[in-house]
Amino acid sequence: MRVVEAFRAAYGASPQTVWHAPGRVNLIGEHTDYNDGFVLPFAVPWGVTAALTPRADDTIRLLSLQSSSTEPVTMATHAESEGWTRYVVGVLEMLGDRVKGADIAIDGNVPQGAGLSSSAALEVAVASALNDVHELGMTPMDLALLSQKAENDFVGMPCGIMDQAASALCQEGHALFLDCRSLGSRNIPLDLAAHGLSMLIIDTQVHHEHAGGEYAKRRAECESAARKLGVAALRDVTDLAGALDRLQGDERKRTMHVVTENHRVEALIGLLRAGAVTEIGALLNASHLSLRDQYEVSSPELDVAVEAALKGGARGARMTGGGFGGSAVALVPTERLDSVRESVTAEYARRGFEAPRFLPAVPARGAHRLPVSAD
Ligand code: GAF
């Protein structure tokens, strides 16, 4: 394994442990996690592998195979971290006195900028490795919560729990149904191939700069709407029509999205349980329209990807993740994959967009330990 070789070359000994944690796509349930709602992500076959040995002092040495430098970054204090190293140091910070420093090597293959949660994968890989070597006894959900806290409180991104939970808890061949209030979860079998279907990721290769600020704004709008409605979170709205009568403007639209999106997650789970995988497309389409028109987090590239995928024969398609660029997912009868790819590529070229990238999405395994000696 090349991360182990890099670790040995940099630090002169084998790592004590190696953990892999994946990125994710979200099948449905977008911008519902921080509203205490429901999500249905699954892990992707790309992720982050962390090789780690704890240190007796507080120094952190950190090496990434994706960085241009072959020398590790050395940090005497957490305040020295910057850029991508903050996701790692944030996890150490959240563990407080339970850990000291560490020597770490990182290797990642999550397609960058595709909105597939490479940062959650990095946090969960490092948190899992630290949990292992320090025998902290944390559960996968504990590790997800710790990683989310690192991102909220140390990195400063007010994300919900979905990405870290998907990375920590998903199982191969399954999507993860998560109630973001109770944190109860269930792995739902997702055997698309058995139904002649494939899930295609369409990476727009576009990431809009204002995404972070807009995300925080959406979250604040939802919290404000919930306060006006006298509920703890928008998840608690039971009388949608009555709620909409009491709200205006953006808060009204955001509420409309969150409440209907939670219903769509439940409806989609119902269809999966009934074995009607081929019928979930309409819910994916409705989710996209709601994100585009009510939540206003889509982008021209995402909208065109969805429309052209449907024209090319997809059963359903939607933007996935936070939005403002990143990726869309399309549910495609396997024999129509070429037609969908061609349709999206042609439409992007016609509009002068940068060519999209296509990736197959097969539900992969969540965080797991790898043998140090593995090839
Ligand atoms: C981003 C966040 F990190 C998640 O918590 C979630 O809110 C998602 O956007 C939108 O569903 O990935």
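Mentor: Welcome! Two residues count as in contact if their C-beta atoms, placed from the backbone, lie within 7 Å. Keep in mind that this is a predicted model.

Trainee: What does the chain average in pLDDT?

Mentor: Let's begin with the scores for the whole model, which are ipTM 0.99 and pTM 0.96. Per residue, 99% score at least 70. The chain's average pLDDT is 96.

Trainee: How many of the residues of helix H5 are buried?

Mentor: Helix H5 spans residues 162-169 and is mostly covered. Its buried residues include Met162, Asp163, Gln164 and Leu169. Ala165, Ala166, Ser167 and Ala168 are buried too. The count for H5 is 8 of 8.

Trainee: Which helices are included in what covers the buried residues of H5?

Mentor: The cover includes both strands and helices. Among the strands are S1 (17-28), S2 (38-54), S6 (174-179) and S7 (185-189). The helices included are H3 (118-133) and H4 (140-155).

Trainee: Which residues of H5 are in the group that surrounds the ligand?

Mentor: The ligand is surrounded by Glu30, His31, Asp33, Tyr34, Cys159, Gly160, Met162, Asp163, Gly321 and Gly322. By class, this shell has 3 nonpolar, 4 polar and 3 charged residues. Compare that group with the buried residues of H5, and two names turn up in both: Met162 and Asp163.

Trainee: Is strand S10 largely enclosed or open, and how many of its residues are buried?

Mentor: Strand S10 covers residues 325-333. It is largely enclosed by the rest of the structure because its buried residues number 8 of 9.

Trainee: Which residue in S10 stands opposite Met199?

Mentor: Strand S8 (residues 197-207) pairs with S10 in the antiparallel sense over 8 bridges. Strand S9 (residues 316-320) also runs antiparallel to S10, joined to it by 5 bridges. From S10, one residue stands opposite Gly316 and also opposite Met199: Leu331.

Trainee: Which residue takes a positive phi in the hairpin of S9 and S10?

Mentor: This hairpin has 4 residues between the strands. The phi in question is near 90°. The residue, also part of the group around the ligand, is Gly321.

Trainee: How many residues does the largest nonpolar core have?

Mentor: The residues with the most contacts inside this core are Ala125, Ala309 and Ala330. Its largest share, 10 residues, comes from S2. Apart from it lies another core of 10 residues, among them Leu229, Ala243, Met256 and Val258. The largest core itself has 104.

Trainee: Why does Arg336 count as buried?

Mentor: Arg336 sits in the loop between S10 and helix H11 (337-351). Beyond residues up to four places away in sequence, Arg336 touches Gly312 and Gly313. A residue is buried at 20 or more other C-beta atoms within 10 Å. Arg336 counts as buried because its C-beta neighbours inside 10 Å number 20.

Trainee: Is Gln205 buried, partly exposed or exposed?

Mentor: Gln205 is found in strand S8, and has a positive phi of about 60° although it is not a glycine. Its C-beta neighbours inside 10 Å number 19, whereas the buried class needs 20 or more. Gln205 therefore counts as partly exposed.

Trainee: What value is phi of Leu183 near?

Mentor: Leu183 lies in the loop between S6 and S7. With 13 other C-beta atoms within 10 Å, Leu183 is partly exposed. Its phi is positive, in a residue other than glycine, and is near 65°.

Terms used
Residues are numbered from 1 along each chain as its sequence is written. This is a predicted model: local features need pLDDT of at least 70, side-chain atom pairs count only at pLDDT 80 or more; totals for chains, interfaces and linings use all residues. A residue is buried if 20 or more other C-beta atoms lie within 10 Å of its own, exposed if 12 or fewer, and partly exposed in between; C-beta atoms are placed from the backbone. A residue is near a molecule or strand if its C-beta atom, placed from the backbone, lies within 6 Å of it. Ala, Val, Leu, Ile, Met, Phe, Trp, Tyr, Cys and Pro count as nonpolar, Asp, Glu, Lys and Arg as charged, and the others, Gly among them, as polar. pLDDT is the predictor's confidence in each residue, from 0 to 100. Two strands pair if DSSP finds at least two bridges between them. A nonpolar core is a set of buried Ala, Val, Leu, Ile, Met, Phe, Trp, Tyr and Cys residues joined through C-beta atoms within 7 Å.
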